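Student: Could we go through how the two chains of a model meet, taking one step at a time?

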Number of protein chains: 2
Amino acid sequence: MKHLEEKTLSTQQVFKGRYLKVEQDEVQAPDGKVYYREYILHPGAAMMIPILPNGNVVMVHQYRHAVKQVMLEFPAGKRDRGEDSLITAKRELAEETGYLANEWKLLTEIHPVIGYSNEQIDLYLAMDLSRTEQRLDQGEFLEVIEVAPKELMTLIQQGKVTDVKTQIGAFWLDKILRGEWN
Amino acid sequence: MKHLEEKTLSTQQVFKGRYLKVEQDEVQAPDGKVYYREYILHPGAAMMIPILPNGNVVMVHQYRHAVKQVMLEFPAGKRDRGEDSLITAKRELAEETGYLANEWKLLTEIHPVIGYSNEQIDLYLAMDLSRTEQRLDQGEFLEVIEVAPKELMTLIQQGKVTDVKTQIGAFWLDKILRGEWN
């Protein structure tokens, strides 16, 4: 695949907002010419599928201003700089939902925005749950709900779960519950 | 879900790069306080799952500078302003892969970046394919390959297909080929 790669010639931060940072790289493409590539610099994130003893999953309803909708999502959060994503996952699960998990399993890593962000999200299964206290960040508003995995697949089929990380988590869980993937 | 929503108080474009635009909105949150939300303004995109008469799907290998990797993806492209996503899908399929499709079906719509972009991607099945000519954009380099749907699911399980739109398309195709979804 080497022949498709681009060589970075220079890197420049062109925007720093309250939350977002944009980098602009000058690259040399396979045709030898120089192009510009712009992308969001992101620290990465962790998402978890918390499974209750009754088989239901813990999810959140959260308003997302970028798409101006309340979304049904698996809990997730941004990594602190250099933080292992499992640490992020444990912290965010507790903060957002008030649950602790004793058993964790990394399922896979995904790239949500390959066109314009370096974000990577690590997807975990979180099992053997116990209660602690929900501690939302300032400016964070969400509601915790329980959903049966079968119901979640129906909602996806109906187009009611459009968040990609959540859809991918649900499909992985579906494969695992069928015994096709482990 | 009204009680989770935020009210937009003002909107300001805070960055305009070569490709990316960032908007900063002042919002009033459910606690009555004012917060800032930043996000990429995106025209939306279309992705297609092109199915060959032999049952294989048409995919592309493309270097993505934001994640500095060659990715295995379904063909996709950005909508022109106000363009119907089916028009985008037809154009991008032809340009990227050199295929025309006579039969199209909208599967679903997804939001890849609810934290910081208003992007929506419409996912299509593209069937009854015939050949035309590949016409890549300036600065676009990709290779077209054929993949068997079963092999694609194995690659996903192995963590080798991390692009979210492609993974979701593969999972939908898997459901359809099993006769579980139509």
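Tutor: Contact here means heavy atoms within 4.5 Å. The model is predicted, so to speak of local features we need pLDDT of at least 70, and side-chain atom pairs count only at pLDDT 80 or more, whereas totals for chains, interfaces and linings use all residues. Residues are numbered from 1 along each chain as its sequence is written, chains are lettered from A in the order in which they are written, and side-chain values use heavy atoms, with hydrogens and water left out.

Student: How many residues of chain A are in contact with chain B?

Tutor: The partners on the side of chain B number 73. The residues of chain A in contact with them number 73.

Student: What relation does the turn that lays chain A on chain B show?

Tutor: Superposing by least squares on the C-alpha atoms of residues with pLDDT of at least 70 in both copies, chain A can be laid on chain B with an RMSD of 0.0 Å, by a turn of 180° and a shift of 0.0 Å along the axis. That is the relation of a two-fold axis.

Student: Which residue of chain A comes closest to the rotation axis?

Tutor: The distance is taken at the C-alpha, and its value is 2.8 Å. The residue of chain A that comes closest is A:P112.

Student: Which residue forms a salt bridge with A:R178?

Tutor: A salt bridge is a side-chain nitrogen of Lys or Arg within 4 Å of a carboxyl oxygen of Asp or Glu, and the rule finds 6 across the interface of chain A and chain B. In one of them the closest N and O atoms are 2.5 Å apart, and the partner of A:R178 is B:E180.
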